[in-house]
Amino acid sequence: MNLQTIGLTEQINNDFLAGKPSEEMIIGRVALEHKHMYRVWTEHGDLLCEVSGKFNFEALSREDYPAVGDWVMLKPRVEEGKGTIFSVMPRFSKFSRKSAGRTAEEQIVAANVDSVFLVNSLNDDLNLRRIERYLLLTWESGANPIIVLSKADLCENLEEKLGEVEAIAFGGVPVIAISAELKTGIEKLEPYLQPGKTIALLGSSGVGKSTLTNLLLGDQKQVVKEIREGDDKGRHATTHRELIQLPNGSVLIDTPGMRELQLWESSEGLTETFSDIDELAENCRFRDCKHQDEPGCAVVSAIEEGILPAGRLTSYNKLQKELAYIERKADKRAQTEEQKKWKNITKQMRHKKKIN
């Protein structure tokens with residue numbers, strides 16, 4: 001396998017060569033994550049890998065472990081079709097969300113992604129607040145967002161829906177309507193599907209990600225389930241994240257539909273996603289204006305004049321509160337990890353002392 005065609009950049013390769021401890025080590029890309037095992041693309045083909053004992057001992061959180069899209073340093077056992085992962089190369093982007101549950105733990109959905117196709121269905125399930133949330137996390141990830149509106153053939157008021165989405169797509173985010181059924185709009189995705197580039201497909205269950213994947217592949221690799229009668233909603237098909245190489249050389253990461261998308265440390269993404277509110281806030285009378293009942297608030301005035309939808313400010317305030325909560329939880333998690341780190345160091349020192 002030619003690693004350059006699946007996204008190996010000069011910077012990633014230099015990082016690998018700089019940290020390479022022996023000639024036995026090679027570089028590969030994580031294509032599929034099993035439970036405690038990883039399917040890795042290498043110059044020797046696919047290898048089923050696990051992390052080394054040292055790697056596992058030193059890992060402090062889930063973020064330290066490989067994720068789909070990661071480049072890893074490994075020692076291959078080609079004759080067995082297996083290998084051992086010793087380290088993860090620095091990521092240039094990562095799309096993360098908070099893991100389900102009450103713990104403040106990061107879940108990396110996709111790593112080393114150039115662009116993210118945020119797939120949303122043009123039916124009654126179209127949700128502008130959900131799109132804002134996806135945009136926020138995509139900007140924070142370091143990748144470029146592209147909003148893809150699927151099932152355009154089922155939408156009777158297409159121009160109206162496009163206008164609503166374009167109104168929240170700040171920062172030059174492209175908004176592309178497609179129909180897999182009629183095969184329209186697909187050509188507008190081609191500029192982002194270049195050899196060596198990686199694109200992640202993200203969206204809720206049933207919006208048509210697997211159908212789009214099959215269309216780009218030219219075959220039925222991904223299982224597709226028919227839409228439900230009565231509400232035009234698709235049904236969940238993809239069950240895991242996986243790297244898929246397209247015929248033109250670009251790489252796609254198809255992901256399971258997300259029933260919930262909890263934020264993860266996205267303060268910079270908030271500014272990008274709500275740049276309209278930030279620009280208006282520059283004209284508020286008070287620098288610390290909360291945009292509630294303060295006199296001279298430019299944001300509230302814009303809402304009263306019909307310039308800014310009230311839902312935008314409600315969403316902005318809600319996401320700010322959610323991020324503040326995540327930050328408090330993350331601080332506690334960092335303290336716990338620091339304690340775990342020192343316990344590991346103490347344990348190693350005692351072990352060495354015992355041997356000597």
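Contact means that heavy atoms lie within 4.5 Å. The exercises below use a predicted model, in which local features need pLDDT of at least 70, side-chain atom pairs count only at pLDDT 80 or more, and totals for chains, interfaces and linings use all residues. Residues are numbered from 1 along each chain as its sequence is written, and side-chain values use heavy atoms, with hydrogens and water left out.

**Exercise 1. Confidence and overall make-up**

Task: State the mean pLDDT of the protein, and give the numbers of helices and strands.

Solution. pLDDT is the predictor's confidence in each residue, from 0 to 100. Its mean for the protein is 83, and 78% of the residues reach 70 or more. Over residues 227-238 the pLDDT is below 50, and in the model this stretch has 36 contacts beyond near neighbours in sequence.

Next come the elements. Helices (H or I, at least four residues) and strands (E, at least two) are DSSP runs, numbered from the N terminus. The protein has nine helices and 13 strands.

Then burial. A residue is buried under 20% relative accessible area, exposed over 50% and partly exposed in between, with a 1.4 Å probe and protein chains only. Of the 356 residues in the protein, 47% are buried. Of the contacts between residues at least 6 apart in sequence, 66% join residues at least 24 apart.

**Exercise 2. The surroundings of Val40**

Task: Find the strand that holds Val40, decide whether Val40 is buried or exposed, and list the residues in contact with Val40.

Solution. Val40 belongs to strand β2, residues 38-42. Its relative accessibility is 0%, so Val40 counts as buried. With neighbours within four places in sequence left aside, the contacts of Val40 are Gly28, Arg29, Val30, Ala31, Gly45, Asp46, Leu47, Cys49, Val72, Leu74 and Ile85. For a distance in space, take Lys82: 42 residues separate Val40 and Lys82 in sequence, and their C-alpha atoms are 9.1 Å apart.

**Exercise 3. Helix α3**

Task: Check the span of helix α3 against the expected value, then describe what lies at the ends of α3.

Solution. The expected span is 1.5 Å times one less than the number of residues in the helix. Helix α3 (residues 128-141) has 14 residues and should therefore span 20 Å; the C-alpha atoms at its ends are 20 Å apart, which agrees.

At the N-terminal end, Asn127 caps α3, with a side-chain oxygen 2.9 Å from the backbone nitrogen of Arg129. Just after α3, Gly142 has a positive phi of about 100 degrees. Within α3, the buried residues include Ile131, Tyr134 and Leu137.

**Exercise 4. The nonpolar cores**

Task: Name the residues that touch the most other members of the largest nonpolar core, and the element that gives this core its largest share.

Solution. A nonpolar core is a set of buried Ala, Val, Leu, Ile, Met, Phe, Trp, Tyr and Cys residues joined through side-chain atoms within 4.5 Å. The largest has 57 residues, and Ile27, Trp71, Ile147 and Leu149 touch the most other members. Its largest share, five residues, comes from α3. Apart from this core lies another, of 18 residues, including Val119 and Leu216.

Among the residues that Trp71 touches are Leu3, Ile27, Met89 and Asn112. Asn112 sits in the loop between β7 (106-111) and β8 (115-121). It is buried, because its relative accessible area is 1%. Phi of Asn112 is near 55 degrees, a positive value in a residue other than glycine.

**Exercise 5. Ser150 and Lys151**

Task: Place Ser150 and Lys151, and find the polar partner of the Lys151 side chain.

Solution. Ser150 is in strand β9, and is buried at a relative accessible area of 5%. The residues it touches include Val119, Ser121 and Val207. Lys151 lies in the loop between β9 (144-150) and α4 (158-166). Lys151 counts as buried, because its relative accessibility is 13%. Its phi is near 60 degrees, a positive value in a residue other than glycine. A polar atom of the Lys151 side chain is 2.7 Å from the backbone oxygen of Gly206.

**Exercise 6. Cysteines**

Task: Explain why Cys289 and Cys297 form no bond.

Solution. A disulfide is a pair of cysteine sulfur atoms within 2.5 Å. The sulfur of Cys289 has its closest cysteine sulfur in Cys297, 3.7 Å away, which is too far for a bond. By this rule the count of disulfides is zero. Cys289 is buried, with a relative accessible area of 10%.

Terms used. Polar contact = N/O pair within 3.5 Å; in protein donor to acceptor, adjacent residues only side chain to side chain.
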